[in-house]
Amino acid sequence: MRTQVSEGQRGRNGPQAASNRLSPPELLRYARHLVLPEVGLAGQRSLKSARVLVVGAGGLGSPVALYLAAAGVGTLGLVDFDEVDATNLQRQILHGESDVGRLKLDSARDRLAETNPHVQVVAHDARLSSGNALSVLADYDVVVDGTDNFPTRYLVNDACVMLGKPNVYGSVHRWEGQVSVFATDGGPCYRCLFREPPPPGLVPNCAEGGVLGVVPGVVGSLQALETVKLILGQGSPLAGRLLIFDGLELEWREVSVRRDPACPVCSDSPTQTELIDYELFCGVEPEAEPMTHPANEEGREPAGPGGIDVLEASARLRGEASPFLLDVRETYEWDISNLAPQGAVLIPMGEVGARLDEIPRERQIIVHCRTGVRSGDVANQLWRAGYRDVLNMEGGINAWARQVDPGLQIY
């Protein structure tokens, strides 16, 4: 199966399209491409005419953007709103030590200009949402999904289906990665493979579960390869196929993906024809208000542990009846930053069940981790073990560093 981005999609004759004529410096730069029969002069001109949007300038977006720029893709759009921090540098090769604290878009623009000054970089400094996704994606031929969260992943998929744009998908977790091409003409979309997202917290992100820095490089390079093939119309793209990479065992598996005739988005009779609230769809509430126990006010027992924001937690820790502050991160994380001055006690998440005798039942328990995900799981674990005054510190120690103690290291 061969799929090629059409000239109409590329907008080759549109007002925004730049000339695809190659200058003498470009002919020299792309000499190794030009001798390939599958590329040649015509193919290199197609690359120069192409417009590719990379969603995310992180672990996957870094190798994707670098290789597409080096290949001569004429217009590269980048969507990101985050800043570079030190924990990014292990895998996000667009950025360096001097970029820490800068916007990733600014760092990426400088790096890509150094890689290939003939490429136009279009920066979209925004969080992709159901309100802006269609307008952002509309001007591009191919969309590369370099996201690390399910709401944006489903959003990108649905927008690509509705706009008729190929979606070059990639994801990574620890030592493993996945690559595919969705939303091609007649091919399946991401929802044909995963109609519903997993429950919140079941699949940890890179910060919580970790990722070997080389794995995004492998997966992102494959995404760049698939994008170039789509532009050139060469080879067999991964449409209808999911490639699974196990870096620890160095094994590859391929799974066939068929278009779901009942898919709510890409079927012949879709039931969803507009973008939706993807945070709600995925059960994610990043800006949720702190959880409370209204049932307590009515004299009834609450249904589970509640939540507390860092400002309220700080106030309670300064009070006379100070809560027990339980840190469930790993030892190396404690060494990066900790709340020992506030009385925090470290019991890593995997050890909590065997060390319940160290957690007092007569005091209020405030559980925290890095961002509030693991601590939420531990709060539920303690509730099931009979603790009835348990609160999860929302946003974790990083929120504490932002709102209470700026001197703490954010990681």
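**View 1. Leu250, an exposed loop residue in this predicted model.** Leu250 has a relative accessible area of 60%, so this residue counts as exposed. Look for Leu250 in the loop between strand S7 (241-246) and strand S8 (251-256). Its backbone deserves a glance too: phi is positive, about 50°, although Leu250 is not a glycine. Most residues other than glycine have a negative phi.

**View 2. Ala183, a buried loop residue with a positive phi.** Here the loop runs between S6 and helix H9 (190-193), and Ala183 lies within it. The phi of Ala183 is near 65°, a positive value in a residue other than glycine. Is Ala183 buried or exposed? With a relative accessible area of 11%, Ala183 is buried, since the limit for that word is under 20%.

**View 3. Aromatic pairs, with two tilted examples.** The structure holds eight aromatic pairs. In one of them, the ring centres of Tyr190 and Phe194 are 5.3 Å apart and the planes meet at 55°, so the pair is tilted. Tyr190 is buried at 2% relative accessible area, whereas Phe194, at 31%, is partly exposed. The rings of Phe245 and Trp252 also make a tilted pair, with centres 4.5 Å apart and planes at 40°. Phe245 is buried, with a relative accessible area of 7%, while Trp252 is partly exposed at 43%. Stepping back to the cluster, you can find Tyr190 and Phe194 together with Tyr154, Tyr169, Phe182, Tyr278 and Phe281.

**View 4. The largest nonpolar core and its neighbours in the fold.** This core has 37 residues, and those touching the most other members are Val52, Leu68, Val73, Leu76, Leu78 and Leu112. At least two residues come from each of strand S1 (51-55), helix H5 (61-71), strand S2 (75-80), helix H6 (104-115), strand S4 (142-145), strand S6 (176-182) and H11. Which element gives the most to this core? The answer is H11, with seven residues. To follow the packing residue by residue, try Leu112: leaving aside residues up to four places away in sequence, Leu112 touches Ala65, Leu66, Ala69, Leu76, Leu78, Leu94 and Val121. Another core, of 24 residues, lies apart from the largest one and includes Tyr140, Leu155, Ala183 and Leu242.

**View 5. Helix H11 from end to end.** Helix H11 (residues 214-232) has 19 residues, which should span 27 Å at 1.5 Å a residue. The C-alpha atoms at its ends are 27 Å apart, in agreement with that expectation. Just after H11 comes Gly233, with a positive phi near 70°.

**View 6. Helix H14, its buried side and its N-terminal cap.** Which residues of H14 (residues 310-317) are buried? They are Val310, Ala313, Ser314 and Leu317. These residues cover an arc of only 100° around the axis, which puts them on the same side of H14. An α-helix has 3.6 residues a turn, so residues three or four places apart point the same way. The cover over the buried residues of H14 includes strand S9 (306-308), strand S10 (324-327), strand S12 (365-368), strand S13 (390-393) and helix H17 (396-403). At the N-terminal end of H14, Asp309 acts as the cap: one of its side-chain oxygens lies 3.2 Å from the backbone nitrogen of Leu311.

Terms used:
Residues are numbered from 1 along each chain as its sequence is written. This is a predicted model: local features need pLDDT of at least 70, side-chain atom pairs count only at pLDDT 80 or more; totals for chains, interfaces and linings use all residues. Side-chain values use heavy atoms; hydrogens and water are left out. Buried means under 20% relative accessible area, exposed over 50%, partly exposed in between (1.4 Å probe, protein chains only). Helices (H or I, at least four residues) and strands (E, at least two) are DSSP runs, numbered from the N terminus. The arc is that of the directions from the helix axis to the C-beta atoms. Contact means heavy atoms within 4.5 Å. A polar contact is a pair of N or O atoms within 3.5 Å; within protein, one must be able to donate a hydrogen and the other to accept it, and residues adjacent in sequence count only if both atoms are side-chain atoms. The expected span of a helix is 1.5 Å times one less than its number of residues. A nonpolar core is a set of buried Ala, Val, Leu, Ile, Met, Phe, Trp, Tyr and Cys residues joined through side-chain atoms within 4.5 Å. Rings of Phe, Tyr and Trp (its six-membered ring) pair if their centres lie within 6.5 Å; planes under 30 degrees apart count as stacked, over 60 as edge-to-face and the rest as tilted.
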